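Hi,

Here is the structure I said I would pass on. Have a look through it, and then read on for my notes.

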Amino acid sequence: MLRRIAKGDNNAFEKLYIETKQGVYAFLYSYFNNQTDCEDAMQTVYLKIKTSISQYTFGTNGLAWILQIAKNTALNEIRANINYQKLKSAESRAESVSFENVVLKDSLMSTMKRVLDEEEQRIIILHVIWSYKHKEIAEILNCPIGTVTSKYKRAIDKMQKTLKEVR
């Protein structure tokens, strides 16, 4: 039958399908444990049989060749599904972390605006976000370094106290 399929005989392919479909389905079911995935894999298996018939070594066990195609198809689809699930999970975590970061940033900025005066806000932003040293901040704001250091410390203390109260 496989020789006839290799020569393009569609009737032979139909007969092969009818004679092997139940066994291939049962074999695939052992991998997927659900009808939908089995049916999808069945289509792929028989398409691969038809398109890769030239790779079959005539005289060897044809059913073993078909079941090998089914096994490889099942494993590839399971692997693809696992990778898809991992990707979706990673995307979900990234969205969650991103959302949490936005919420946290908004919360901190809101607290900072409510609790600190404008100069304290500038000092915090320049030091924490822009990584300027206190000496550089003093030059930017045109004030003594001691003032920057004490205002920074006071601003941090205010923020900590306010955030502890929120918890």
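To start you off: is lysine 15 buried, exposed or partly exposed? Lysine 15 is partly exposed, since its relative accessible area is 42%. Its salt-bridge partner is glutamate 19, with the closest N and O atoms 4.0 Å apart. Glutamate 19 counts as exposed, because its relative accessibility is 52%. The two sit four residues apart in helix H2 (residues 10-32), so about one helical turn separates them.

Now for the overall picture. Do keep in mind that this is a predicted model. The mean pLDDT of the protein is 86, and 89% of its residues reach 70 or more. Helix H3 (residues 35-51) has the highest mean pLDDT of the elements, at 94, while helix H4 (residues 62-115) has the lowest, at 78. Where pLDDT is low, don't read the predicted coordinates in detail.

You'll find seven helices and zero strands. Of the 167 residues, 26% are buried. Among contacts with a separation of 6 or more, 54% are between residues 24 or more positions apart. The accessible surface comes to about 11600 Å², and carbon and sulfur atoms account for 54% of that.

Back to the salt bridges: the count comes to six. Another one pairs glutamate 120 with lysine 158, whose closest N and O atoms are 3.0 Å apart. This pair links distant parts of the chain, with glutamate 120 in helix H5 (residues 118-129) and lysine 158 in helix H7 (residues 145-166), 38 residues apart. Glutamate 120 is buried, at just 3% relative accessible area, whereas lysine 158 is partly exposed at 29%. Helix H7 also holds aspartate 157 and lysine 153, four residues apart, or about one turn of the helix. These two form a salt bridge as well, with 3.1 Å between the closest N and O atoms.

Serine 52 deserves a look too. You'll find serine 52 in the loop between H3 and H4, and it counts as buried because its relative accessible area is 13%, under the 20% cut-off. A polar atom of the serine 52 side chain lies 2.4 Å from the backbone oxygen of lysine 48. Beyond its neighbours within four places in sequence, serine 52 is in contact with Trp65 and Ile69.

Last, the surface. Val128, Ile129, Trp130, Tyr132 and Ile140 make a nonpolar patch of about 530 Å². Isoleucine 140 lies in helix H6 (residues 134-141) and is partly exposed, with a relative accessible area of 46%.

Cheers

Key:
Residues are numbered from 1 along each chain as its sequence is written. This is a predicted model: local features need pLDDT of at least 70, side-chain atom pairs count only at pLDDT 80 or more; totals for chains, interfaces and linings use all residues. Side-chain values use heavy atoms; hydrogens and water are left out. pLDDT is the predictor's confidence in each residue, from 0 to 100. Buried means under 20% relative accessible area, exposed over 50%, partly exposed in between (1.4 Å probe, protein chains only). A polar contact is a pair of N or O atoms within 3.5 Å; within protein, one must be able to donate a hydrogen and the other to accept it, and residues adjacent in sequence count only if both atoms are side-chain atoms. Contact means heavy atoms within 4.5 Å. Patches are made of residues with over 30% relative accessible area and no salt bridge: like charges are joined within 9 Å, nonpolar side chains (Val, Leu, Ile, Met, Phe, Trp, Tyr) within 5 Å. Accessible areas come from the Shrake-Rupley method with a 1.4 Å probe; for residues, only the protein chains shown count as cover. A salt bridge is a side-chain nitrogen of Lys or Arg within 4 Å of a carboxyl oxygen of Asp or Glu.
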